[in-house]
Amino acid sequence: MIVFSPEFGKRLKKKPMKNKILLTLLAISLTFFGCKPEQRIEKIQDLTILHLTGSSYEQGLAHGKFLKVQIEETIIKWKNEVEETYQTDFHAVISDFFDKTGFVKEIEMICPDILEEVKGISDGCEIDFETMLAFQLSEEIDALSVDFQGNHCTTISINKSGDQPTILAQNMDPPKFLHGYPTLLHITDKDTRIESYILTFPGFIGLDGMNSHGVGIACNGISMLNHSDRGLPVSFIVRKILQMPGETEAFEFIEKVPIGIPQSFTMGGIREARCYECSANQKKRFYPFDNKNITLHTNFSGSNRDFSQQFIDLLKTYGKTIDDPYYCPRFYLAYDKILEAENMLNAETIQSILSHTEPEIHPISNENTYGCLVMVLSENPVLYIAPGKPDETEFEILTFH
């Protein structure tokens, strides 16, 4: 049982890339279920875009109602995965999880508005709030299991230089059971009017994305580092960062916020991007290149040395130590491709790197790739999004109003 405090109440072809910005899209405006007229759902090929305005609760309510069927299907699959992992009843798992962790208290203190959004999603799709809140913390629930394996995401960024804007890009590679309904939230903050584009699943508050002030964030799990049973959950960190008016505020936030499960947060804005490797006991910035203007991350820690005992013991079985190099093939391939480009990256070259399907055993664009975002973090931000594997899926180009 959760106890709350009293305060809680254009299409872009893969090769070559087109320069034409998609200014008008065919929209399906829906005003049913009492949603405000501004709330609407839009379909572009396989991508579903939810345009959400109003209060946090109203945005969540529209989200839940628009995608009720898809959310129900996704939650059923997720429940089955949780029960398979923990070998016990789903509700017993999440009840025990909430009883023994302090994640909800951090959410209440730091971002109660986003918690209201989750309440809206719950009411909209008619799935109990405890389940929908647990879904937002699904990565935390996975991380506390003995079988946690992490994911396979690849993230690249390059800082602004001359006329070349800051670019942040990611292949998002979640488990296959979460695939099927690529969804983009287009959220307008009621008070600040900051708009955000957020890649997600139906019923989930966000995986990665960018806002209209040119702030972007991408995340990579780092399962070999130590975790905690408290801290702000990853999905809420993503959403909080996208409320920021600039990268300075985003950097300050990540440097102070308590971390629960280990994660690499690559974030940036108009001037620069940074990669922070965060664990329960340590936060370190990571730069794989000497000039520090480019970041690259897969799912292996490069600078954070807060390794879990489980990982240390695993290395011993292979005759290795934490001082041995252990980057994955995706990292080395992307690293070499960046060098081949002589560190001169733009949206097209980054899209090409993220589209690689070799080597076969660990390709950058792989069977778990749910979507690819290439975020141009300029004063007039541009989002290139492929709702699927970037080597197979056409990119759409989106801007803000």
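I took a salt bridge to be a side-chain nitrogen of Lys or Arg within 4 Å of a carboxyl oxygen of Asp or Glu. With that cut-off I turned to Glu73 and Lys77 in this predicted model, and I noted that they form a salt bridge whose closest N and O atoms are 3.3 Å apart.

**Entry: the pair in helix H2.** I looked up where the two partners sit, and found that Glu73 and Lys77 are four residues apart in helix H2, so they are separated by about one helical turn. I then checked their exposure: Glu73 is partly exposed at 29% relative accessibility, and Lys77 is likewise partly exposed, at 32%.

**Entry: the whole protein.** I stepped back to the overall picture and recorded twelve helices and 15 strands. Buried residues account for 56% of the 401 residues, while the accessible surface comes to about 17,000 Å², with 50% of it belonging to carbon and sulfur atoms. I also noted that the structure holds 14 salt bridges.

**Entry: Glu126 and Lys68.** I looked up a salt bridge between the side chains of Glu126 and Lys68, where the N to O distance is 3.5 Å. Glu126 lies in the loop between helix H5 (112-125) and helix H6 (129-136), whereas Lys68 belongs to helix H2 (residues 68-86), so this pair ties together parts that are 58 residues apart in sequence. For the exposure of the two I wrote down that Glu126 is exposed, with a relative accessible area of 63%, and that Lys68 is partly exposed, with 24%. I followed the contacts further and found Lys68, Glu72 and Glu126 linked in a network of salt bridges.

**Entry: Arg274 and Glu255.** I next examined the side chains of Arg274 and Glu255, which meet in a salt bridge at 3.6 Å, N to O. This pair links distant parts of the chain, with Arg274 in strand S10 (residues 273-278) and Glu255 in helix H9 (residues 247-256), 19 residues apart. Is Arg274 buried or exposed? I found that Arg274 has a relative accessible area of 15%, which is under the 20% cut-off, and therefore counts as buried. Its partner Glu255 is partly exposed, with a relative accessible area of 44%.

**Entry: Thr192.** I finally looked up Thr192, whose place is in the loop between strand S5 (183-188) and strand S6 (195-200). Thr192 has 46% relative accessibility and so counts as partly exposed. I also noted that its C-alpha atom is separated by 9.7 Å from that of Met244, a residue 52 residues apart from Thr192 along the chain.

Definitions and conventions. Residues numbered from 1 in each chain as written. Predicted model: local features only at pLDDT ≥ 70, side-chain atom pairs only at ≥ 80, totals over all residues. Heavy atoms only, no water. Helix = DSSP H or I, 4+ residues; strand = E, 2+ residues; numbered from the N terminus. Buried < 20%, exposed > 50% of the residue type's maximum accessible area, 1.4 Å probe, protein only. Areas by Shrake-Rupley, 256 points an atom, 1.4 Å probe, with all protein chains shown as cover.
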